[in-house]
Amino acid sequence: MSTASNSVIQATPYPESSSMNGVHYRGDERTARKPERTESSFLDTIVGRRGSLRSILNQLEAVAGTNTTVLITGETGTGKEVIARAIHELSPRRNRNLVKVNCAAMPAGLLESELFGHERGAFTGAVNSHVGRFALADHGTLFLDEIGDMPLELQPKLLRVLQEREFEAVGSTRTTRVDVRVVAATNQDLKQMVRDREFREDLYYRLNAFPIYLPPLCERKADIPELVEHFVQQFADSMDKTIETIPEETMRALVRHHWPGNIRELQNYIARGVILSNEGIFEPGPLERYEPLEPEIANPTLEDKVRREILVACQRANWKLGGARGAAARLGLKRTTLFYKMKRLGIRPPADNWQD
């Protein structure tokens, strides 16, 4: 079996601790190459460069050398963090820090301190001063993941940094100026969130200076065999196994599968399959059943289009309506609004099993 290990940059020699996005990075690979080829060769290390991804990489290469803010959108598990890393690695800032913040992982008060820092005594429990991520990313790149989950009350402060390149730490009156390139990512529909007054319009347009959309894996089927081979080899190496054969019927099944969890789901499935495989043959367990959409209508009405869009979002969210990764967030709607629309359109999940 051929492998993609020579064409992939990995963040760590231990695959189980690597980013679960299907595109990886190996630090020694870059330093081993001639300096004049560093930027162009970085793109050559990405697994799955066919079809739509090729045009995305062309966009990435074009914008990387600028200071333009980039907004990466796409479903969960499509590789947004990896694209952010590639932008940084191809930019003149690659020798400075790439700092990452998950905006969905912290409450508003803590997120403000994490981004901008705080002074000692600024709030209860602030026994020491804290340097924020913007200061740490000075002259480098700041990656704001799950930007759609940033609280509304904090968005004006982020807008100010993007416009004026300055901020004050929590509890401080001293203004700090920074030179930071911002890359943001979300799996939510920020346009709809703006219409619903859940995201600031001026911040949206500031972030959306250069949009990059990552398609789901079901729209990148030509890339699946290469990804499968790479992950099989990666996990076999980490588990000290030898797998020489991937049966054709297995590969065909993997290509046909819908993969609602995208590359992350594929990676998890391959890891389980390697554990179960013996005698040098990749023999994974059964794929989870995928409920197909209703057949497309020849001349759909607006209601037909809305119904299908909701069905797609619900299936890709495994019929979970609420939460940061639920169908409502994917559609940019409030959960109650989505529930009302589904009830009106007669949409029910398989086995009538709601997940709120």
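**A tour of helices α10 to α15**

Select Met239, Ile275 and Leu276. Together they form a nonpolar patch on the surface, with about 270 Å² of accessible area. Keep in mind that this is a predicted model.

Stay on Leu276. Leu276 sits in helix α12, which covers residues 262–276. Colour that helix, then add helix α10, residues 224–238. The two pack with their axes 9 Å apart, at an angle of about 45 degrees. α10 is therefore oblique to α12. Look along the pair for the handedness: α10 passes α12 in a right-handed crossing.

Now show side chains at this contact. On the α10 side, pick Leu227, Val228, Phe231, Val232, Gln234, Phe235 and Ala236. On the α12 side, pick Ile263, Leu266, Gln267, Ile270, Ala271 and Val274.

Keep α10 and hide α12. What is the angle between α10 and helix α11? Select residues 248–256 for α11. The angle is about 120 degrees, and the axes lie 10 Å apart. That makes α10 oblique to α11, because angles from 65 to 115 degrees count as roughly perpendicular and those over 145 as roughly antiparallel. The crossing of α10 past α11 is right-handed.

Which residues make this contact? From α10, show Ile224, Pro225, Val228 and Glu229. From α11, show Met251, Leu254 and Val255. Pause on Val228: this α10 residue touches α11, and Val228 is also listed in the contact with α12.

Last stop: helix α13, residues 302–316, and helix α15, residues 335–345. Their axes come within 11 Å and cross at roughly 120 degrees. α13 and α15 are therefore oblique to each other. Is this crossing left-handed or right-handed? The crossing of α13 and α15 is left-handed.

Finish with the side chains here. Take Glu303, Val306, Arg307, Ile310 and Cys314 from α13. They meet Leu338, Lys341, Met342, Arg344 and Leu345 of α15.

Definitions and conventions:
Residues are numbered from 1 along each chain as its sequence is written. This is a predicted model: local features need pLDDT of at least 70, side-chain atom pairs count only at pLDDT 80 or more; totals for chains, interfaces and linings use all residues. Side-chain values use heavy atoms; hydrogens and water are left out. Patches are made of residues with over 30% relative accessible area and no salt bridge: like charges are joined within 9 Å, nonpolar side chains (Val, Leu, Ile, Met, Phe, Trp, Tyr) within 5 Å. Accessible areas come from the Shrake-Rupley method with a 1.4 Å probe; for residues, only the protein chains shown count as cover. A salt bridge is a side-chain nitrogen of Lys or Arg within 4 Å of a carboxyl oxygen of Asp or Glu. Helices (H or I, at least four residues) and strands (E, at least two) are DSSP runs, numbered from the N terminus. Axes are lines fitted to C-alpha atoms, for helices over the stretch in contact, and angles run from 0 to 180 degrees between N-to-C directions. Angles under 35 degrees count as roughly parallel, over 145 as roughly antiparallel, 65 to 115 as roughly perpendicular and the rest as oblique. A crossing is left-handed if the near helix is turned anticlockwise from the far one by less than a right angle, and right-handed if clockwise. Contact means heavy atoms within 4.5 Å.
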